[in-house]
Amino acid sequence: IATSCEISMRLPFTIAACAAAVVLLGLPVRAAEPPRHDALPATSNAAPVTADTPEAFITEIYRFYVGRQSKGIDLTRNGAPARYFTPTMAALIVADQKEAQGEVGRLDGDVFVNGQDWSLTQIPALKTTVTAPDRATVKAAAVNGGGEIRFSLVKGAKGWRIEDIAWQGSSDTLLQMLKRPL
């Protein structure tokens, strides 16, 4: 049983039906909320939607970071690194977490925003360069008020995965960081 009538400007029929319900049934009226195209995924460690292109893969990652209530991607969650990174890189991330034993490891911030905090209102502008059928580079412009982030991607059996990340202004890439001593 309806408890209110949402008024939507999308269809004249909806307005007429709602008006009839208000008059005949005495239902309260409330404005319909517009559909959210930037709605965040329910959990921060869910796998990205299957992406056919490198840019779509990175776009799906950044969906976890847009909005005030965004939770990002928690790479310490079981299996999360393998959802986004090549097997070699995922193994290095997991090894870093184990070696750190609950303390801060080699990664002291979120690799996707190059920091511990973020405030993204939209997915950053992305530019893709395909270097081979199974290799690409995606540059994310001015992420989190900082510099560009460059993702090196490889397409394997499970789709596109990140092979390395480089941050503007940093002398080390993610791979270099993870290979140095703790």
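In the predicted model, Arg106 has a relative accessibility of 12% and therefore counts as buried, since the limit for that class is under 20%. This arginine forms a salt bridge with Asp96, and the closest N and O atoms of the two side chains are 2.7 Å apart. Arg106 is placed in the loop between helix 4 (87–100) and strand 3 (126–132), whereas Asp96 belongs to helix 4 itself, so the contact ties together parts that are 10 residues apart in sequence. Asp96 is likewise assigned to the buried class, because its relative accessibility is 4%.

A further salt bridge is formed between Arg135 and Glu163, for which the closest N and O atoms are 2.8 Å apart. Here the pair links distant parts of the chain, with Arg135 in strand 4 (residues 135–140) and Glu163 in strand 6 (residues 159–167), 28 residues apart. Arg135 is partly exposed, as its relative accessible area of 35% indicates, and Glu163, at 30% relative accessibility, also counts as partly exposed. Salt bridges with shared partners, in turn, join Asp96, Glu99 and Arg106 into one network.

Arg63 and Glu60 form another such pair, with their closest N and O atoms 3.0 Å apart. In this case the two partners fall into separate accessibility classes: Arg63 is partly exposed, with a relative accessible area of 28%, while Glu60 is buried, with a relative accessible area of 17%. In total, the count of salt bridges comes to five. Side chains of opposite charge can pair when their charged atoms come close.

The strands that carry several of these residues are themselves paired. Strand 4 and strand 5 run in the antiparallel sense and are connected over six bridges; within this pairing, Arg135, the residue that also forms a salt bridge with Glu163, has Val154 of strand 5 as its bridge partner. Strand 5 pairs with strand 6 as well, again in the antiparallel sense, over eight bridges. In this second pairing Leu153 stands opposite Ile162 of strand 6, and the connection from strand 5 to strand 6 is a hairpin that passes through two residues. In a regular strand the side chains alternate between the two faces of the sheet.

Strand 5 also contributes to the aromatic contacts. A search of the whole structure finds seven aromatic pairs. In one of them, the ring centres of Tyr62 and Phe151 are 6.2 Å apart and the ring planes stand at 75°, so the arrangement is classed as edge-to-face, a term that applies to angles over 60 degrees. The contact between Tyr62 and Phe151 joins distant parts of the chain, Tyr62 being located in helix 2 (residues 54–62) and Phe151 in strand 5 (residues 149–156), 89 residues apart. Tyr62 has a relative accessibility of 0% and is therefore counted as buried, and Phe151, with a value of 1%, is counted as buried too. Beyond this contact, ring pairs link Tyr62, Tyr65, Tyr84, Phe85, Phe112, Trp118 and Phe151 into a cluster.

Notes:
Residues numbered from 1 in each chain as written. Predicted model: local features only at pLDDT ≥ 70, side-chain atom pairs only at ≥ 80, totals over all residues. Heavy atoms only, no water. Phe/Tyr/Trp six-rings, centres within 6.5 Å; stacked < 30°, edge-to-face > 60°. Helix = DSSP H or I, 4+ residues; strand = E, 2+ residues; numbered from the N terminus. Buried < 20%, exposed > 50% of the residue type's maximum accessible area, 1.4 Å probe, protein only. Salt bridge = Lys/Arg side-chain N within 4 Å of Asp/Glu carboxyl O. Pairing = 2+ DSSP bridges.
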